[in-house]
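Colleague: I am new to this structure, and I would like to understand how its labels are justified. Could you take me through the reasoning step by step?

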Amino acid sequence: MLAIGKKAPALTGTTGDGSTLKLADLKGHWIVVYFYPKDSTPGCTNEAKDFRDLYPTFRKRHADIIGVSRDSVKSHANFATRQELPFALVSDPDETWCQAFDVIHEKVLYGKRHMGIVRSTFLIDPDGKLAAEWRGVKVPGHAQAVLDAIPAK
């Protein structure tokens, strides 16, 4: 189980533009990895837009943002284009990233139980260690709270 102060997993994923992203390649920067249930749904769109709108300030703090869901590469490409997202979205259909960060849990939607992504965000420090985590995220104000956790230069 990933815990604060522990080294983040060495994960590789395919992004919406078809390129390969390796967490290890981002070492030396702050890394925000946020997990969301589904592209183009209201809450997920609002969350992506909040991170997008704060992206210039994240970059000033040497932070990279990565969004992760089980959606396809094509779905991510369409979502990123429609929302003008300047950061990578990793497609995780086999749930490798989701399992590494333990974000797949039982959820109830309209009275039906199913396994799904619990909206969660993880902040990895420049040394590659988990610095903070937010689980069961509520979207309003969340991107700002993550930004506030990264020291200003």
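Modeller: What follows is a set of questions about charged pairs, burial and the sheet, and please keep in mind that this is a predicted model.

Colleague: Why is the contact between D71 and K38 called a salt bridge?

Modeller: The label requires a side-chain nitrogen of Lys or Arg within 4 Å of a carboxyl oxygen of Asp or Glu, and the side chains of D71 and K38 meet at 3.2 Å, N to O, so the pair satisfies the definition. The two residues lie 33 residues apart, with D71 in the loop between β4 (63-69) and α2 (73-83) and K38 in the loop between β3 (30-35) and α1 (42-60).

Colleague: How do you know whether D71 and K38 are buried or exposed?

Modeller: Buried means under 20% relative accessible area and exposed means over 50%; D71 has 8% and is therefore buried, whereas K38, at 45%, falls in between and so counts as partly exposed.

Colleague: What makes R119 and E47 a salt bridge, and where in the chain do they sit?

Modeller: The closest N and O atoms of R119 and E47 are 2.7 Å apart, which is within the 4 Å that the definition asks for. This pair links distant parts of the chain, since R119 belongs to the loop between β7 (112-117) and β8 (120-124) while E47 belongs to helix α1, 72 residues away. R119 has a relative accessibility of 15% and therefore counts as buried, and E47, with 2%, is buried too.

Colleague: How many salt bridges does a search of the whole structure find?

Modeller: The search finds six, and one of them joins D64 to R59, at 2.9 Å from N to O. Here D64 is buried, because its relative accessible area is 13%, while R59, with 31%, is partly exposed.

Colleague: Turning to the sheet, why are β2 (20-22) and β9 (130-135) called edge strands?

Modeller: Seven strands form an open sheet of mixed pairing, in the order β2-β1-β5-β4-β3-β8-β9; β2 and β9 each have a single partner strand, so one side of each is left without a neighbour in the sheet. From one strand to the next, the twist averages 30 degrees.

Colleague: How do you know that β8 and β9 are paired?

Modeller: Pairing requires at least two bridges between two strands, and five join β8 to β9, which run antiparallel. Within this pairing, F122 stands opposite E133 in β9. Helix α1 packs on the sheet, where it touches β3, β4 and β8, and its direction makes about 160 degrees with that of β4.

Definitions and conventions
Residues numbered from 1 in each chain as written. Predicted model: local features only at pLDDT ≥ 70, side-chain atom pairs only at ≥ 80, totals over all residues. Heavy atoms only, no water. Helix = DSSP H or I, 4+ residues; strand = E, 2+ residues; numbered from the N terminus. Buried < 20%, exposed > 50% of the residue type's maximum accessible area, 1.4 Å probe, protein only. Axes fitted to C-alpha atoms, helices over the stretch in contact; angles between N-to-C directions. Contact = heavy atoms within 4.5 Å.
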